Amino acid sequence: MLVASAPVLSARAGYVMLSLFSVLWIALGIWWGRRAKSYDGFAVAGRNVGLALGTATAVATWITSNTTMLAPQFALQLGLWGALAYATASFGLFAFAPMSGRIRQLMPKGYTAVEFVRRRYGTLGTVPFLIISMFYAITWLISMSMAGGKLLNILSGIPYPVGMSVVVVVCVLYTLFGGMYAVIGTDFIQSLIILVGLVVVAIAVLTRIDITDVHQKLSADRPMLLSVFFPAALMSLFNNMLFGFGEIFHSNVWWSRAFAMREGVGPKAYALGGLIWLPVPIVAGFLGLAAPALGIGVSQPDTVGPMVAATLLGWGGALLVFVVVFCSLASSIDSLLAATSDLMVNDMIEPLLQREPSDIEKRRTSAICIVVLGFLAWAVALPNRGTLATVLFFAGPMVGSCIWPIVGGLYWRRASPIAAMLAMVLGSLFGLIAYFTIGWFVSSLVGAAVSAVVFAMGVYLSPDDFDFRTLAGTDGRVTGEID
């Protein structure tokens, strides 16, 4: 029986790898950030990102530590449906592809998702959406920070507080220097490293595991993991799909990239990103299925993926897993820091000033926000409470409730502020009730379903007649809206 009782890498090797990658990302961030000479460059990379960089940043940002660590946890706890459930998050990228083009058309000079909601729905829709956006962004930041500390501790024995702190500080530093230029530039390199690393890990693991043997052992010891009628797993399939839709549709991480890409690039980049990302959680999920068959002891389910790979592949496998997950962490944390600081500057601080701040003021304020966000994530992640799933999916009902107000607001002129507000508030409320009374694996599903019904009823009872031209301040009809 294989039992992962001790770290595969030595603490010394872990510290060396951590130091090398820390220096590399900071240096690359400074180098890429040389182009960020204005706030527009810092926030949206000059709105000139091409297809290669656009696709790479979509892939790298969506291959988070949740993909490489939660997908195996889903498979371990929910079986085959669990691995497939996480893969449904790619549908969000596919659906956002045409939406990104619509966003770029409606608001060619926009910065944030909240800015769209403010112009589309006014204060009534902005308040709940801003609260949801900030809560989700901070929750995601915390889960990424936790994942960094857990990874380094499992693989090399580096204490959780030390590993988590270094990951957060490094991401804060290079994002601080280069903004969106640094984020997208490093994402390109990180996406290549992640994809190559995952392919190598998958091939290496498959050469050391007999799939028939894994199936036989699971059938004998844990047959429910292979059952197509596992209730919790089936619910998690639709729950995770809707969570993925809500994540991408509402999050400024994705909106800021839509604004940063050249006109016409967004739809292609997001569609390609979804295709590239789709097999990744399935490959990662297989590691979770292999754990019970191999007899590997798992104390924390969200660390099962790295544990299986490191145990099977030894020192080299642990090193490769370290590199892949470290890159996936950095590519998500930097994106969150940059996009959320934009949101704070443009939708929280600037309205309070009641004047248009100068370019230098916005750049300086954005830097302060990045530091504050990094500190907040570090402080909340430090106690290391809960698993990545329970932390992240607590925001699931809220992001799920934003799906219909965003889609309706982009395409339907009759979508009204009262309908959007009630959909977000009631969807979040009932979804959170489901989270605490049933489980995290149904909360996004309940939130999105309630939001859909409330939004449709709100539009029927209180329709609007919105002029999409007001979003861009241009003359002429904007095509694509539904009468």
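**Note on salt bridges, pocket, cavities and surface patch**

1. At 7% relative accessibility, Glu115 counts as buried, because the cut-off for that class is under 20% relative accessible area. Like everything that follows, this value comes from a predicted model, and it should be read as a computed one. The partner of Glu115 is Arg119, with which Glu115 forms a salt bridge whose closest N and O atoms are 2.7 Å apart. Arg119, by contrast, is partly exposed, its relative accessible area being 37%.

2. The spacing of this pair along the chain follows from the helix that holds both residues: Glu115 and Arg119 are 4 residues apart in helix H7 (residues 113–156), and therefore about one helical turn separates them. The structure holds 8 salt bridges, and two further ones that involve helix H7 are taken up in the next points.

3. Which residue does Arg118 meet in a salt bridge? The partner is Asp347, and the N to O distance is 2.6 Å. This pair links distant parts of the chain, since Arg118 lies in helix H7 and Asp347 in helix H14, 229 residues apart. Asp347 is buried, with a relative accessible area of 8%, whereas Arg118, at 32%, is partly exposed.

4. A salt bridge also joins the side chains of Arg120 and Asp464, here with an N to O distance of 3.9 Å; a salt bridge is counted within 4 Å. Arg120 lies in helix H7 and Asp464 in the loop between helix H20 (440–461) and helix H21 (469–472), so the pair ties together parts that are 344 residues apart in sequence. In this case the arginine is the buried partner, Arg120 having a relative accessible area of 2%, while Asp464 is partly exposed at 25%.

5. The largest pocket encloses about 420 Å³ of space. It is lined by 27 residues, of which Ile282, Val283, Gly285, Phe286 and Leu287 are the closest to its centre. Two or more lining residues come from each of helix H5 (80–87), helix H8 (160–208), helix H9 (211–221), helix H13 (280–294) and helix H14 (304–353). The largest share, 7 residues, is contributed by H13.

6. What is the make-up by class of the lining of the largest pocket? There are 23 nonpolar and 4 polar residues, and no charged residues.

7. Over the whole structure, a search finds 3 cavities of 30 Å³ or more. The second largest cavity has a volume of about 50 Å³, and its lining consists of Ser133, Ala137, His250, Ser251, Asn252, Val253, Ala339, Thr340 and Leu343. H7, helix H11 (252–260) and H14 are the elements that each give two or more residues to this lining, with H14 providing the largest share, 3 residues. By class, the lining of the second largest cavity divides into 4 nonpolar and 5 polar residues, with no charged ones.

8. On the surface, Ile30, Val169, Leu173 and Phe177 make a nonpolar patch of about 320 Å². Helix H8 supplies the largest share of this patch, 3 residues, and Leu173 is a residue of that helix. Leu173 counts as partly exposed, because its relative accessibility is 32%; patch residues need over 30% relative accessible area, a point to keep in mind when reading the extent of the patch.

How values were computed. Residues are numbered from 1 along each chain as its sequence is written. This is a predicted model: local features need pLDDT of at least 70, side-chain atom pairs count only at pLDDT 80 or more; totals for chains, interfaces and linings use all residues. Side-chain values use heavy atoms; hydrogens and water are left out. On a 1 Å grid over the protein atoms alone, a cavity is a set of points where a 1.4 Å probe fits but cannot get out, and a pocket is an open set with protein on both sides within 12 Å along at least five of seven lines; lining residues have an atom within 4 Å of a point. Grid points are joined across faces, edges and corners, and a volume is the space filled by probe spheres set on the points. Ala, Val, Leu, Ile, Met, Phe, Trp, Tyr, Cys and Pro count as nonpolar, Asp, Glu, Lys and Arg as charged, and the others, Gly among them, as polar. Patches are made of residues with over 30% relative accessible area and no salt bridge: like charges are joined within 9 Å, nonpolar side chains (Val, Leu, Ile, Met, Phe, Trp, Tyr) within 5 Å. Accessible areas come from the Shrake-Rupley method with a 1.4 Å probe; for residues, only the protein chains shown count as cover. Buried means under 20% relative accessible area, exposed over 50%, partly exposed in between (1.4 Å probe, protein chains only).
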